[in-house]
Amino acid sequence: MTEQQPHPHRFERGTDGPKVIVAGVDGSDSSMRAAAYAAGLARRQNAVLALVYVQPVITAGAALGVPVADTTTEVAEGLVSEIREAAERFRDAWDVRWEFHTFRGDPYNGLVTAADELKADAVVVGASESAGHRFIGSVAVRLVKAGRWPVTVVP
């Protein structure tokens, strides 16, 4: 029998269930349902729930003098407030470790960046509520096609 040498800890995906579950939130009903679903997964798996809001970069609005950064910051602050209130209401029933992160960019690239930086084991998003996504492709479909994480799409 040979003696095994201890190996330094390395990040490894998929060994003991998910450790980080990323949920994209934007204030829409479907994204809030996705966050609730992800919270249940995180609770059952004893994982960290990383709620991610992607602040859009709207250069046309900025060029016209519209205070875009202030508006998207207000949306992020409103989401954090809403999530904190929900977490407080269910504190006794659910014990979920959660974090809120804000990234900038378009929703797809922002979620990809978030999932990579946070070392996500799974991504949960709401189904698109926009009819235009039939032609361009929704964020959810693009995440699934990327094939980098298990993706759950919540209606």
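Modeller: A residue is called buried when its relative accessible area is under 20%. The structure discussed here is a predicted model.

Colleague: What share of the 155 residues in the protein chain is buried?

Modeller: The cut-off for a buried residue is under 20% relative accessible area. Applied to the 155 residues of the protein chain, this gives a buried share of 35%.

Colleague: In what order do the elements of the protein chain run from the N terminus on?

Modeller: The secondary structure of the protein chain consists of 6 helices and 5 strands. Read from the N terminus on, these elements follow the order β-α-β-α-α-β-α-β-α-α-β.

Colleague: In what order do the strands lie in the open sheet?

Modeller: The sheet is built from 5 strands with parallel pairing. Its edge strands, each pairing on one side only, are β3 (97-104) and β5 (151-154). Neighbouring strands are turned by 25 degrees against each other on average, direction ignored. The order across the sheet is β3-β2-β1-β4-β5.

Colleague: Which residue of β4 is the bridge partner of Val 22?

Modeller: Strands β1 and β4 pair in the parallel sense over 3 bridges. On its β5 side, strand β4 (residues 122-126) is joined by 4 bridges, also parallel. There, Val 125 stands opposite Val 153, and Val 151 is opposite the residue in question, Val 123. The partner of Val 22 in β4 is therefore named directly by the bridge pairing: Val 123.

Colleague: Why is β4 described as largely enclosed by the rest of the structure?

Modeller: On one side of β4, Ala 122, Val 124 and Gly 126 are buried, and on the other side Val 123 and Val 125 are buried. Both faces of the strand are thus covered. The strand is largely enclosed because the number of its residues that are buried is 5 of the 5.

Colleague: Which strands does helix α4 touch where it packs on the sheet?

Modeller: Helix α1 (residues 29-45) packs on the sheet and touches β1 (20-24), β2 (48-55), β4 and β5, with its direction at about 150 degrees to that of β4. Helix α4 (residues 107-117) also packs on the sheet, and its direction makes about 145 degrees with that of β2. The strands touched by α4 are β1, β2, β3 and β4.

Colleague: Which residue lies over the face of Tyr 108?

Modeller: A search of the whole structure for aromatic pairs returns 0. The face of Tyr 108 is nevertheless occupied by a residue at 4.1 Å from the ring centre, namely Arg 142.

Definitions and conventions:
Residues numbered from 1 in each chain as written. Predicted model: local features only at pLDDT ≥ 70, side-chain atom pairs only at ≥ 80, totals over all residues. Heavy atoms only, no water. Pairing = 2+ DSSP bridges. Helix = DSSP H or I, 4+ residues; strand = E, 2+ residues; numbered from the N terminus. Axes fitted to C-alpha atoms, helices over the stretch in contact; angles between N-to-C directions. Contact = heavy atoms within 4.5 Å. Phe/Tyr/Trp six-rings, centres within 6.5 Å; stacked < 30°, edge-to-face > 60°. Lys NZ or Arg CZ within 6 Å of the ring centre and 35° of its normal. Buried < 20%, exposed > 50% of the residue type's maximum accessible area, 1.4 Å probe, protein only.
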